[in-house]
Structure formats: C-alpha cells, structure tokens
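Biologist: I'm new to this one. Can you walk me through it?
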Amino acid sequence: MHKALKIMVTGRIQGVGFRPFVYSLSKKYGLTGTVQNNIGCVIIVVEGNEKKVADMVNELQMSPPPLSKINQITMNQIPLNGYQEFSIISSQISSNSIPWMSPDAAICKDCLEELMDPNNRRFQYPFINCTQCGPRYTIIDSLPYDRPNTTMREFEMCQQCREEYEDPMNRRHHAQPICCPVCGPIVTLHNQQGESLAEQQLAVLQTVDLIKQGKIIAIKGIGGYHLACDAYQASVIDRLRLAKKRPQRPLAIMVKSLDVAKKLCYMSTKEVKMLTSSEMPIVVLTRLKDCLLPENLSPGLSTLGIMLPYTPLHHMLFEKTGLECMVMTSANSSGLPIQYKNDSVHALQDMCDYFLTHNREIHFPVDDSVVQYTGEDMLYLRRARGFVPDPLKTNAKVDGIIALGGNQKSTFAVGKEQYIVMSPHIGDLENEEMIHSFEEQLHHFKDWLSVEEQYIAVDKHPLYASNSLAKRMKSIVIPIQHHHAHQVSCMEDNGLEEPCLGIILDGTGYGDDGHIWGFEFLYGNGHSFERLAHLQYTPLPGGEKAVEEPWRNAVGMLLYLWPEEGKELSLKLFPEKSKEINMMESMVINQINSPMAGTCGRLFDAISAILGVCVTSTYEGEAAIKLSDPMNGLHMESDETYPFQLQTNSENLLQLDLSPMIYQIIQDRFHKQPITQIIQTFHRTIVSSCVQTVQKLVEKRPELNKTVVLSGGSFQNVYLVREIQKLLQKEGFTVYTHKNVPCHDGGLSFGQIIIASHAVNKVPLDSK
Amino acid sequence: MVQRISLAHGEGGELTHQLIQNVFIKSFGHPEHAQLDSAIVTCPTQTIAVSTDSYVVKPIFFPGGNIGKLAITGTVNDLAVSGAIPQVITAAFIIEEGFQLNELKKVVESMAAEAEIAKVKIIAGDTKVVEKGSVDRLFINTTGIGEIRQEHRINPGAIQKGDCVIVSGTVGDHGIAILSARHEHGLFTDVESDCASLNHLIQELLEEIDGIRIMRDPTRGGLATTLVELCEDFHFTVELDEVSIPVRRDVQGACDILGFDPLFLANEGKVVMIVDSKNAHKVLAKMKGNVLGENATIIGHIASSDEQTGKLLLKTAMGTSRRLHRLAGMLLPRIC
Ligand SMILES: [Fe+3]
Ligand SMILES: [Mg+2]
Ligand SMILES: [Zn+2]
Ligand SMILES: [Zn+2]
C-alpha cells in the first residue's frame with residue numbers, strides 16, 4: 001500500500017541540518033516527495049510504502065539532529081502525487097508561525113575531529129563549523145536564516161565550500177556560516193598599538209606563549225570579547241581584577257577538558273552532562289580540597305565557575321600547548337556592557353596587553369550562561385549564550401506584549417503568538433551605556449520577531465530605568481508589583497495557572513505600601529495576588545547605600561529593634577564605624593533616608609556583617625553568597641534553630657519577627673561560638689520560619705491550595721531552595737522551583753508578561 | 001521675663017503699632033512708606049523683574065544664617081539670575097503665637113543687614129499672628145522687584161554645543177547645614193549654610209563679560225534638578241564631569257553616611273551658568289576674584305543642542321555615564 005503524508009514540523013529546525021536529515025531519511029526508506037523551509041516551520045511531503053512512511057516518521061521524531069528541538073508535529077494524509085524523487089525546495093517566507101532563531105552552539109564532535117586532523121582542509125582552522133555547531137544568534141541580523149542575513153555575508157564561499165553547502169547529503173548542507181581557510185575569516189594577534197603580530201595558527205600559538213608569560217589577552221569569541229589570562233598565576237589575576245575594577249567577584253575559568261576539570265572540582269553526572277552539552281555554559285562547581293588554583297579566582301568562596309572550550313579557537317589554545325586553565329571573563333569594565341564590536345579595541349586597551357581578534361563580525365552580543373545544580377535541579381544564574389533565544393511556550397495570550405523586567409540582571413520578554421521570547425541576560429541598568437544596550441537589543445528582538453507592542457509591562461518601582469523607557473515607547477504601560485512578578489514567573493515556569501502560595505525571598509523590591517518588600521508569602525496567580533505574610537520591617541539607613549554596605553543593615557536593625565541597647569551592640573560589633581553609627585542613630589530616629597524594608601537579601605546582609613563575613617560588599621549579593629558558602633556540601637549534625645515569632649498584625653497579616661534570632665546570633669558571636677555553626681543554625685532558622693509560616697497560613701485559611709512556588713533572588717542559595725522544598729513536601733505541600741528562567745530579577749520579565757496578559761484580556765465586570 | 005508674641009500683636013491695635021515701630025521700622029528704616037497703604041517707588045527702567053518666595057525653613061536659626069537672611073538672599077538671587085538688578089523688597093511675616101520677641105528681632109535685624117549688603121530697600125511689610133500650631137514658629141514671604149537693563153539681557157537662544165557649565169562654588173553646603181541643624185544630637189558636621197546675596201557678583205559678570213547664556217540659582221533639588229529643568233526647557237544635553245564638581249570634604253563625608261548625593265542638595269549662595277566656551281575662562285577668573293565665587297569651576301559642557309528632550313548626563317569617576325533626573329520624592333533603593 002502506498003501512502004502520502006504532509007508533515008509540518010515547528011520548533012528549532014532552522015540552521016540545524018533538519019532538511020538534509022529529512023533528505024537522508026527519505027533515501028534510507030526509499031521514499032519520494034519534498035521538504036521545504038518556512039520561517040519557523042518545515043513542511044515535508046512524503047510518498048511511498050505505508051510501512052516505510054511510518055518508519056520514517058518514527059525516526060524523524062525519535063532521533064532528530066542533536067541541535068534541533070521539535071516543538072510540534074502535525075500530520076495529514078493527502079492524495080498521492082506521484083513524485084519521482086525526493087527534493088529540497090527553496091525557502092518560503094510565511095509569517096503564520098513564530099520565526100525561530102537558533103542559539104549559538106559549541107563546536108561538535110565531527111568538526112573537532114576535522115580541526116585536529118592534519119589531512120583535513122580545515123585543519124587548525126579556527127572558524128570550522130557545520131549545521132550542528134557554530135555561531136547563530138550572534139551573527140544573524142534578520143530572518144530567514146540565510147547567509148546574506150548574517151555577518152558571514154562579507155565572505156564569499158569558495159568553490160569547495162559552495163559544493164558542500166549545496167550538497168543535501170553533506171553535513172554542511174546549508175550551514176550558513178560555512179567557510180574554510182581559503183574563503184573565510186582570519187584571526188589576528190595585535191598589540192596595544194594595533195600592530196598585527198601574527199595570523200591564524202601562528203597567532204594562536206603566540207597567544208598561548210603570552211598567556212604563559214603572564215599577559216592579559218582580549219580574545220574575541222562568539223558573543224563578545226573575553227579577557228583571558230593564566231588561571232594558575234595569582235599575580236596576573238590581581239592585575240586583571242584591577243583593570244576590570246572587580247576586586248572580589250568570582251572569575252570564570254575555561255579548562256582544557258573534562259579530565260582537567262575533574263582534577264579541580266567535584267562533579268555530578270548532571271553537571272558533567274551540562275558542561276559538555278551544546279550550550280556549554282559556565283557551571284558553578286565545588287572545588288576539590290586539593291585544587292591548586294589560586295584563591296583569588298573566587299575569594300572567600302569554595303566554588304569555581306568552570307566551562308569547557310566551546311569554539312574551535314578555544315580548542316586550538318589548549319591543544320598540545322601545555323595550557324590547562326585560563327581565566328575567561330567577559331571583557332568589560334565592571335557595570336558596563338560586554339565589548340563585542342570591532343572598535344572595542346579602544347575601550348579594552350587599558351584592560352589588556354594584547355588582542356586575539358578576528359574579522360567575523362558579531363551582530364549581537366551575548367554573555368556566557370551560568371548555571372548551578374542544587375542536587376538534581378538546575379538553577380539559571382545567567383541565561384544567555386546557548387539558551388537564548390529559544391522561545392518558551394505559554395497558554396497565556398501574550399501576543400503584542402513586551403515586559404521590561406527589573407533594573408538588575410535585566411532581561412526583557414517579548415510575546416509572539418503562543419510564545420514568550422526572553423532576551424539574554426543584559427546586566428544592571430545603572431548607566432546610559434547599559435540602558436542603550438538594552439534598548440538596542442529590544443529593537444533587534446522586535447525586528448526579527450516583527451512585533452509591534454501594544455502593551456508594556458514594567459515594575460512598579462518609580463525609579464527603575466525601564467519606567468522612563470516605557471514612557472518613551474508610547475504604548476499602554478502596565479505596572480506590576482515586583483514579587484507578584486517573581487511568583488508568577490515561577491508559576492509559568494511550571495505551567496501553573498490556579499492560584500497558589502508563593503514564598504518570595506528576594507533582595508529589595510518596591511512594595512504596594514511604598515515600603516521595600518522581599519520576604520513575602522503571597523497567594524495568587526497571574527490574575528491577582530494577596531499578601532498573606534511578611535518579614536517585619538526595619539530601616540535601611542542610607543537607602544541604596546545600605547545595600548552596598550551590609551553593616552548599615554545590621555546597625556539599622558539593631559538601632560530600630562532595640563532602641564535602648566542597639567547602639568551599644570552596634571558599637572561593639574563595628575567599633576571602627578563609631579562616627580557613622582552616631583549619625584545613623586539620628587537617621588533612624590528622624591527617618592532620614594531610611595526606608596523601611598523587610599527583605600531576605602538584606603537580612604542575609606545584616607547577618608553576614610554581624611558575623612564579620614562581609615561588612616562592605618564589592619559586588620551584588622556578595623555578603624549573602626559568602627555567608628552561605630559554608631553551607632556548601634556541609635553535613636548537618638543538628639536540627640537546632642534560633643527563636644523567632646509569628647504574629648498577626650493589625651491588618652490581619654502574619655508578621656515574621658526574627659529579632660529573637662538576631663539577638664541570639666549576636667550573643668553567640670560575642671561568646672565566640674564557631675562562625676560556621678552560627679551560619680548553619682541561621683540557615684535552618686530561615687528554612688523553619690518559612691515552613692512554619694506557610695503551615696500557619698493554611699491553618700488559618702484551610703481553603704488555600706497547598707501548592708507552593710519558590711522564587712526571588714535568595715533562592716540562588718542552593719541550601720535554602722533544597723531544604724524549604726524538602727520540608728514543605730514532608731508536610732504535604734507540592735513545591736515548585738524555577739526550571740527555564742532564573743529565580744532572580746532575570747526572571748521578572750517572564751512573570752510580568754503573564755500578569756500583563758491577564759490585565760489585558762480581563763473581561764470587565766460590568767460587561768457581563 | 002521672656003517677651004513673647006501674643007495674638008494681640010496681630011490685631012491691628014496698639015500692640016501691632018508698637019511691634020511695627022520697634023521691630024520692623026527700627027531695622028528696615030524707610031518710615032515714609034509706613035504712612036501709606038502702599039509703598040510708592042520710582043523705576044529707572046521700563047522693564048522690571050518681579051519675584052516672590054515664601055520661607056519656611058526649619059530650624060529658623062542655622063549655622064551661617066537664619067530665616068530672615070535667607071528671605072533676602074533667596075529673593076535677591078532669584079532676581080539676579082534673571083539678569084535683574086534687585087531694587088526693593090517687601091516682606092510679610094506670619095508668626096506663631098508665643099514666638100519670642102527677641103528672636104523676631106534677631107531675624108529682622110539680619111534681614112536688614114543682608115538688605116544692606118545686597119543694596120536693596122525693604123519698603124513694605126505685613127505681620128500676622130496666628131494661633132499656636134497654625135504655623136511652625138515663623139514664616140516669611142518676600143517679594144522683590146528688580147530693574148532689567150537692555151544691555152544685560154541673557155540669551156538662552158544662543159546656547160550651542162561646546163558651551164561650558166560653570167558653578168560658582170561647592171555644592172550641597174546649605175542642604176547639609178540645615179540637616180545638621182535640624183538634628184543636633186547626631187550632629188553630622190559643622191558645615192555652614194552658603195546663603196549669600198549674589199547680585200553684585202552676577203551684575204559685574206554681566207557688565208564685563210559677554211557670552212553668558214543663562215543662569216540659575218540651584219536651590220531646592222540642588223544642582224542636578226536645576227540643570228535637568230534647564231536641559232528640558234531649552235532642549236539641550238549637558239554632560240557633567242563628576243570628578244570636577246566642587247564638594248566640600250565634610251559635605252561629601254556627611255553625604256556618604258546619609259546616602260545622599262550632593263548634586264541634589266540645596267544651595268543658597270551659588271549660581272550655575274552656561275557660558276560661551278570662548279568666555280568661560282574670563283567668567284571663571286572673575287568669579288574666583290570674589291569671595292563668593294572662589295571655588296568656581298567648569299563642571300561640564302553642552303553635549304548637544306536642539307534635542308527633543310534635553311538630558312542631564314553625568315560622566316562618573318568609574319567611566320560610565322549616568323542620566324540624572326529631578327530629585328525624586330523618595331530615595332528608595334533599586335538594587336534588588
Ligand atoms: Fe527581585
Ligand atoms: Mg526662590
Ligand atoms: Zn560541527
Ligand atoms: Zn571555503
């Protein structure tokens with residue numbers, strides 16, 4: 001029996017070798033027909049033996065090309081046409097599906113083999129790629145994904161490359177960035193004066209020598225420049241820190257191979273899998289006790305951010321050169337956007353000694369992604385290269401909505417039909433350069449997705465940069481409460497639509513009562529929310545300054561919670577700050593620039609300062625990260641907790657009072673209890689207070705859905721997320737954590753767009 | 001016994017008469033105006049500038065001045081930065097019942113002294129006494145009239161790229177002085193308010209140097225708010241160089257602790273000017289020759305004119321540029 005099928009496949013199927021794959025399947029099963037690319041959709045027509053057609057469809061679904069992601073397959077039986085052969089027909093631009101742009105992918109096994117094969121014509125050629133690997137997102141300026149729409153348009157294919165490109169059986173069939181030493185880009189080594197010192201393989205070898213000599217090299221990669229230096233030389237790392245104005249924040253390293261990584265860090269199977277995936281993010285791992293890398297890579301921390309070489313150029317730097325580990329940190333001065341343009345050389349001059357650069361232009365920058373495992377689950381610390389711009393499917397009506405996220409670790413989200421497309425991590429919108437970069441990327445997304453927004457979702461904080469940006473965009477602005485966005489972000493991440501509980505442990509967010517929220521127990525969904533409980537407020541003397549200087553948080557709490565004794569305690573804890581403490585007393589009493597806040601992040605800051613772990617921070621989250629570091633891989637012997645209280649306040653809100661804990665921690669510190677022990681008990685208290693609060697809430701309101709989502713920046717704390725989840729599950733709750741977007745402010749836009757869709761599509765009450 | 005103001009002092013009878021004669025006329029002079037319902041003045045030019053302002057500063061006595069001195073310098077400076085030469089001033093007092101008479105005298109005397117320095121005449125006034133709690137001790141309103149001379153017209157229309165932004169001295173002094181005075185216990189610093197009449201300095205500049213496009217006295221909201229308003233009103237973008245902005249060390253120190261930015265703190269004796277770059281150094285030299293302008297500095301320039309929406313940008317010491325907006329009602333942290 002003969003049969004004809006029309007198969008439509010949507011998903012990540014462009015530029016991933018999908019058509020050659022279909023072509024080879026047709027050959028394998030002896031079928032005829034056509035395959036055609038549309039934007040976001042491949043249409044296959046096959047004819048032949050019914051059994052063979054079924055087999056082909058099965059293989060298509062079960063083992064598609066590794067880089068592809070099938071989102072949906074629809075099949076219809078159609079009349080036989082009598083095709084004589086199977087052919088690939090040219091692309092058609094249709095807009096009834098989401099334009100799917102592929103992320104950049106790490107070099108594949110086949111290309112790597114060729115790179116190292118002296119007999120291959122691309123031997124040691126730093127731009128080798130194929131349909132299964134290489135740059136995508138960063139070189140595409142518009143869709144459909146064809147060479148003229150990429151920055152590779154500058155390079156005309158040579159005869160041999162063209163043949164490979166056109167041969168449907170070749171693994172480089174329609175590999176848009178295809179090139180070779182004859183026709184493709186070149187790498188060059190420059191000094192600071194811009195003089196070219198060497199090219200291609202020679203440039204790479206000289207770079208390795210310079211790195212070994214303790215030099216800092218700016219290396220142009222996939223999504224921008226990195227600053228690289230030898231990860232074993234503490235002195236050059238210090239110099240790099242100075243140049244980047246980044247005294248303490250951990251620096252990522254790139255290691256030669258998995259074997260090298262195994263000599264440095266503990267790794268679970270999942271971590272190994274992620275390290276070697278085509279996304280190849282930075283994975284935060286725990287150092288081995290005998291790890292020989294210098295401490296100044298990640299001061300005060302027991303973790304290291306590790307990635308493997310993901311471009312051919314990276315491999316060439318390590319292969320047979322004796323180099324094992326390089327610092328690979330994005331090339332930008334702290335707080336500024338990553339440098340990626342050809343003229344970046346000027347901006348980077350003061351930060352490095354040499355440049356290893358190339359003439360394949362980067363159209364859009366993207367940082368390295370960073371992930372961490374809490375055990376089985378993965379947390380996104382930064383969602384960027386490799387993951388962006390994969391769309392996320394939704395049931396909400398988000399079409400025509402853009403959400404602008406928060407002010408830090410900012411991302412935006414664009415709604416297109418049934419999908420949400422998240423921008424890569426852009427950074428903190430603290431200066432015009434970052435805001436400009438944010439706007440540029442937003443325009444790019446609107447462009448290739450052809451979205452003209454009708455609604456803009458923003459955070460309610462009146463001073464966020466996105467607020468003035470939204471005003472300039474002249475569409476309808478929908479303001480959204482920060483922690484509501486966190487909660488809904490986690491709900492959407494897990495496909496939850498019914499109202500549920502949310503524990504939002506966060507830094508600082510603008511609350512509906514004008515105070516700073518960040519330790520919230522909410523109940524609701526995208527439609528609305530109710531605040532059920534929160535941490536007691538204490539002042540932040542100096543406002544933003546108190547976030548940079550955790551000791552201020554501590555002093556603010558002490559002066560406010562214990563008016564009699566607070567000053568004495570403060571002076572005893574921070575004797576070198578006596579002048580400031582005197583002034584701060586006046587600030588707290590007279591409410592001068594001392595906003596009231598109840599947040600988990602600031603609580604961690606205060607405890608970190610009280611324990612002397614981090615008194616002044618040099619990067620966002622430093623105090624909290626250093627405070628929880630001892631929890632990493634620690635075995636718990638006791639289940640002791642500090643005292644705390646839960647009270648119902650005048651507005652019938654449950655209020656968590658942790659002051660008895662703070663007082664006890666100070667006593668323990670004065671009595672020279674081991675710091676690690678105090679830190680453990682503190683962590684257990686936070687977990688236990690969250691669990692008890694939730695229990696009390698459902699006791700009070702038995703009708704509440706016993707499902708809990710965990711979101712907010714403090715859930716980057718691996719211990720907190722794991723333990724709260726575990727204990728709540730024990731109490732019969734169903735607990736969800738983030739899956740595809742970060743729990744911190746990088747995930748806000750994801751929640752905002754859902755909440756906005758509810759606001760937009762709400763049926764007015766009186767219309768019924 | 002301390003003499004206090006009573007409600008009867010405001011009833012228009014004998015006590016009121018005594019108050020006017022013994023306190024106001026004694027200090028301000030010009031008894032001739034007190035005999036009529038209005039003060040009659042002759043204006044040397046056709047065009048005049050009028051400015052009015054109410055002073056409710058708390059506390060009314062602060063290091064470097066008091067509410068009375070401020071009521072003169074504030075109105076004098078508002079006239080002066082408009083290019084006017086202040087001539088006469090009226091003053092209205094709203095006094096809380098129970099206010100000490102000798103304090104009132106002190107205030108009035110320093111008004112007279114400041115008027116003398118600024119060479120303006122205080123020619124009309126009014127006094128009301130209100131019940132306890134209706135006002136906080138003493139409020140003063142002053143209205144000033146100044147003469148506009150054609151040849152001194154400032155010219156904002158000529159603002160162009162490259163023009164310099166000059167401030168006549170350190171910023172934030174008044175703001176910190178008031179905060180310190182308000183909260184004696186945690187005494188932040190002993191910085192004095194900069195409050196001073198700038199009309200002579202400004203007049204000299206206008207008479208001797210061309211190319212002064214526009215000026216403002218950066219009072220409430222500070223230098224930043226003042227410049228944001230100029231940028232928006234006249235459609236240009238200013239780029240300030242953070243490191244060059246003069247700030248007293250103790251003011252900076254207090255700001256560091258308070259979490260305030262001196263660019264947003266009030267000044268009462270400073271002028272900020274936009275000047276043709278060709279004449280900027282002349283202006284600077286002239287200012288530096290006057291004690292009120294000894295710390296004058298070029299702090300930035302016009303980065304572009306003819307903007308849709310003018311912006312105030314700050315090149316920071318870190319090498320980034322930050323856009324500054326008007327002083328926000330509250331300083332809520334944005335760091336999550
Ligand atoms: Fe947040
Ligand atoms: Mg005024
Ligand atoms: Zn490949
Ligand atoms: Zn070629």
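Biologist: How do strands β15 and β16 of chain A pair?
Modeller: β15(A), residues 370–373, and β16(A) pair in the antiparallel sense over four bridges. Pairing takes at least two DSSP bridges. Strands are DSSP E runs of at least two residues, helices H or I runs of at least four, numbered from the N terminus. This is a predicted model: local features need pLDDT of at least 70, side-chain atom pairs 80 or more, while totals for chains, interfaces and linings use all residues. Residues are numbered from 1 along each chain, chains are lettered from A, and side-chain values use heavy atoms, without hydrogens and water.

Biologist: What stands opposite A:Y373?
Modeller: A:M378 in β16(A).

Biologist: And what joins the two strands?
Modeller: They form a hairpin with four residues between them. In the turn, A:G375 has a positive phi of about 130°.

Biologist: Why is β16(A) largely enclosed?
Modeller: Four of its five residues, 378–382, are buried, so the rest of the structure largely encloses β16(A). Buried means under 20% relative accessible area (1.4 Å probe, protein chains only).

Biologist: New topic. How many residues does each chain give to the contact?
Modeller: Chain A gives 42 and chain B gives 28. Contact means heavy atoms within 4.5 Å.

Biologist: Any salt bridges there?
Modeller: The rule finds two across the interface of chain A and chain B. It asks for a side-chain nitrogen of Lys or Arg within 4 Å of a carboxyl oxygen of Asp or Glu. A:K545 forms a salt bridge with B:D256, the closest N and O atoms being 3.9 Å apart.

Biologist: Which element of chain A gives the most to that side?
Modeller: α17(A), with seven residues.

Terms used
Buried means under 20% relative accessible area, exposed over 50%, partly exposed in between (1.4 Å probe, protein chains only).
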